[in-house]
Amino acid sequence: MASPTSSAITLTVNGDKHELTVDHRTTLLDALRERLDLTGSKKGCDQGQCGACTVLIDGRRAVSCLQLAVAAEGREITTIEGMADGEELHPVQQAFLDLDGFQCGYCTPGQICSAVGVIAEHAAGWPSAVTEDVRPEAGPPPLTPDEIRERMSGNLCRCGAYVSIAQAVARAAGAESEAVRETGEAA
Amino acid sequence: MTTTTDPAAAAVRSIGTARTRVEGRDKVTGAARYAGEIPFAELAHGWLVLSTVARGRVRSVEADPVLAMPGVLAVLHHGNAPRVESDFVGMLGVPPDPAAVVFQDDRVPHAGWPVALVVAETSEQAREAAETLVVHYDQEPHDVAFSAGHPGAYAPESAGYAEAAVEKGDLEAALAASSVVVDAEYTTPEEHHNAMEPHAAAARWDGGRLEVVDSNQGSTWVASELAQMFSLDPGAVRVRSEHVGGGFGSKGVRAHQVAAVMAATVLQRPVRVVMTRRQVFSLAGYRSPTVQRVRLGADADGRLRVLEHRSLSATSTVREFVETSAAAGRALYPADAHHTTHELVRLDVPTPTWMRAPGEAPGSFALESALDELAEKCGVDPIALRTRNEPDRGPVSGLPFGSRNLVACFEEGARRFGWADRDPRPGLRRDGRWLLGTGTAAASFHAGAGPSTAAVTAEADGTFTVRITAADIGTGARTALTLVAADTLEVAPERVRVRIGDSDFGPAMIAGGSMGTRSWAWAITIAARELRERLALDGTVPPEGVTVRSDTTEALGALSQKERHSYGAQFAEVAVDTATGEVRVRRMLGIFAAGRIVNPLTARSQLVGGMIWGISMALHEEAARDRNLGSHVGADLAGYHFAAHADVPAVEADWVDDQDPDDPIDIKGVGEVGIVGAAAAVANAVWHATGVRHRHLPIRPDRVLLAHTGAHDA
């Protein structure tokens, strides 16, 4: 029931539509965690400084703690729960698991969502602060460890799993570009 | 059915093989639920209100206007909260955290002291009401300024698990006999654990039993302290903590669990209390700042005659806690005069606590920096200096060592790092705008164990279930214990299920002091071995299974007295831009001797994580306190920086063979040794790069700049 302080909205999360009435103060993160029982997105700081709540909104990385739920209506939201294809893990998830890209696991959903965003941003040719040649015609720079570290720096990990996270992102990025190439050849 | 363990499988050991985490899939899919994520019907949300003054008394809490706000159910404060017991010593041998004994009187001993809990139907309502609540104080003058020479400094009688003062040998005589003396003061700042998951707990009463879903480092510990505080039978409290988003020493009994229990008691419905990140800075403990004076006296060849280490740290006005920095050298280096002492100053600040390698982390920064200075003065290679000061018995205790492979760590590390080619002279190497240097330091951390119980069950379906009140705070304990149980039972690990984090499983050690996996593995080994022997005699397993229980209290008591420690050699290469003050770590290598490594995959992660803490400690971490307000400046993850991805280069950890034939379990733990010496290795590398000694952490750009414009040591 909508009221002066709440609104009925529809959130599209991982392809599913959810109708709910939210307090206008409710962040997207709290709506996911408290209302939709999607607790994979984590609350590490609740003020946009740690990245644990990172989700993809229309395919782009966003910290869901700084987004009001009412403002997320009509957007395609992808959370960690939507990354795997049934029982088959997303290549980024699989690489994190195989290379031990986490310890306590609390920053992990945000790291993985961020990594998926990084790989897409890189493939689309976006430069980063450490990209040497930023001319559009230069195309995507090599996804070096420095590029990965720079692009992933909005996601803090207090356990210090950074080394294996960066390896996992590199592995998944390699696997993905290979998959794209194969698909391309088939087509 | 008949269950057999498989002696043939004994040849295929699980211990020592790299295994991904058994809960790993849950963690990468978001399915793993942490304490604040377990749903309860009728759950109410509590929000803590912390004092805004640094010292004084609460004059009044204006609860009525807040109680009239939508959804607000209760405002608990010292005027109406249930009374609890606090005059006891808990299972770790210390009284409860004073800030956890919430709402018992009107006294405010520091900024960020809990003064009220607002409970409401939703977290939004609770938060707004808590931020609206007006609390009036009678403010008193405060002192939060920690410094060398503070007039209130005193020598504590005890320093927790270490002796406060050890003074062996004639200091003045040994100094007089020394050809070379290093005498320097080092400081480390206030540092915070900042586990990624803020502290969270939900409490409810269930048929006369108190049930708490928590995020902690030991559910036995939390359950027993809550039982004592609320005067309950120990069996009437159940604490569960299945997944823990980091701990590092901070996740014990804190204000949030106690406040949640109070509210659940008053309201007779489940209540969850989650700390905000800002609240974590004042409610969850921290590492005290230190001022350390180290005096080393040596012969011309570097052999130590004097090891004097005096450390001043801060504590609160409500409890004594000693950061045992000066103890770092007691089992590491021998000297004719071996003086290591602690002093404290009581300030109007929260009580410090254990934080990853308590004592050793700041202590090793000072001691291992001083050794590097001694090596420079003597013209001796830093590794040769340490090898030359290798003791054959505990330098202070006189006890034999269990296994001590520090020299092997340095040898292997030097080979892999390329130390032999190093020119010891500082300030010579340049790469564009960067000055380059390398440094090394020793690491050591005590290998202990605490009494634990375990239950191992042979199930009727041929699998095995281990139940133990262990905690996996990211260490990989759950996986390591699975491998230990599998090897002892002589079965494949896929047939073993390890259940942890439930105080109903019986008393067990906490995840702390690098003792968790060692303590729990010991209990599981005893129970699993007996179960295997029993099944060998009669493999019939009834539907309810066959369970064997163990208790290591006796075995621990029978352990011979020895100096048992893990060791390591830390190496760092840094680049310093003296025009901007920027310091970048380019690579780090740590070689460790840490007993039997159960799971190389997760052990490596832990060691590397510790080393990354060392980078943070050397270059980034520092909590700033406003002297006038008495509270933190920038108490958040932007104001308090620890290493992010871009700060962390190639960091590599590995180990040498390390066995103690007299140790029945021979696991040493790898949680803390990784940070020990790491900050000193970085600081020593900064000296090698620039020729400037940085004795004050963190090595901030302004300190680098000042040192080079002022042309003096920082």
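**Exercise 1. Classify A:Asp37: is A:Asp37 buried or exposed?**

Step 1. Fix the cut-offs: a residue is buried if 20 or more other C-beta atoms lie within 10 Å of its own, exposed if 12 or fewer, and partly exposed in between, with C-beta atoms placed from the backbone.
Step 2. Apply them. A:Asp37 has 11 C-beta neighbours inside 10 Å, so A:Asp37 counts as exposed.
Step 3. Locate the residue. A:Asp37 sits in the loop between helix 1 and strand 3 of chain A. Helices (H or I, at least four residues) and strands (E, at least two) are DSSP runs, numbered from the N terminus.
Step 4. Check the backbone. A:Asp37 is not a glycine, yet its phi is positive, near 55 degrees. Most residues other than glycine have a negative phi.

Conventions for all exercises: the model is predicted, local features need pLDDT of at least 70, side-chain atom pairs count only at pLDDT 80 or more, and totals for chains, interfaces and linings use all residues. Residues are numbered from 1 along each chain as its sequence is written, while chains are lettered from A and ligands numbered from 1 in the order in which they are written.

**Exercise 2. Repeat the analysis for B:Glu42: which loop holds B:Glu42?**

Step 1. B:Glu42 lies in the loop between helix 1 and strand 1 of chain B.
Step 2. Its phi is positive, about 65 degrees, although B:Glu42 is not a glycine.
Step 3. B:Glu42 counts as exposed because it has 11 C-beta neighbours inside 10 Å.

**Exercise 3. Describe the fold of chain A. What order do its elements follow?**

Step 1. Count the elements: chain A has five helices and five strands.
Step 2. Read from the N terminus: β-β-α-β-β-β-α-α-α-α.
Step 3. Test the size. The radius of gyration is taken over C-alpha atoms, and the globule rule is 2.2 Å times the number of residues to the power 0.38. For 187 residues a compact globule would be near 16 Å; chain A has 17 Å, which agrees.
Step 4. Add the extents. The C-alpha trace of chain A spans about 50 × 40 × 35 Å along its principal axes.
Step 5. Add burial. Of the 187 residues in chain A, 53% are buried.
Step 6. Add contact range. Two residues are in contact if their C-beta atoms, placed from the backbone, lie within 7 Å. Among contacts in chain A with a separation of 6 or more, 55% join residues 24 or more positions apart.

**Exercise 4. Split chain A into domains. How many residues of domain 1 of chain A are in contact with domain 2 of chain A?**

Step 1. Take the bounds, which come from an automatic or database domain assignment. They give domain 1 (6-82) and domain 2 (91-186) of chain A.
Step 2. The centres of these two domains of chain A, taken over C-alpha atoms, are 23 Å apart.
Step 3. Count contacts: 15 residues of domain 1 of chain A meet 13 residues of domain 2 of chain A.
Step 4. Find the contributors on the domain 1 side. Strand 3 (54-57) and strand 4 (60-63) of chain A each supply at least two residues. Strand 3 of chain A gives the largest share, three residues.
Step 5. Sort that side: six nonpolar, six polar and three charged. Here Ala, Val, Leu, Ile, Met, Phe, Trp, Tyr, Cys and Pro count as nonpolar, Asp, Glu, Lys and Arg as charged, and the others, Gly among them, as polar.

**Exercise 5. Analyse the contact between the chains. Which element of chain B gives the largest share of the side that touches chain A?**

Step 1. Contacts link 43 residues of chain B with 49 residues of chain A.
Step 2. Helix 1 (24-29), helix 3 and helix 14 (600-619) of chain B each give two or more residues to the chain B side.
Step 3. Helix 14 of chain B gives the largest share, seven residues.
Step 4. The chain B side divides into 19 nonpolar, 16 polar and eight charged residues.
Step 5. Turn to helix 3 (residues 123-132) of chain B: seven of its 10 residues are buried. Among them are B:Ser123, B:Glu124 and B:Ala130.
Step 6. List partners. In chain A, the buried residues of helix 3 of chain B pack against strand 2 (16-23) and helix 1 (28-35).

**Exercise 6. Examine helix 8 of chain B. What is its span?**

Step 1. Helix 8 (residues 360-378) of chain B reaches 25 Å from its first C-alpha to its last.
Step 2. The expected span is 1.5 Å times one less than the number of residues. For the 19 residues of helix 8 of chain B this is 27 Å, and the model's value is close.
Step 3. Helix 8 of chain B is largely enclosed by the rest of the structure, because 18 of its 19 residues are buried.
Step 4. B:Gly379 follows helix 8 of chain B, with a positive phi near 70 degrees.
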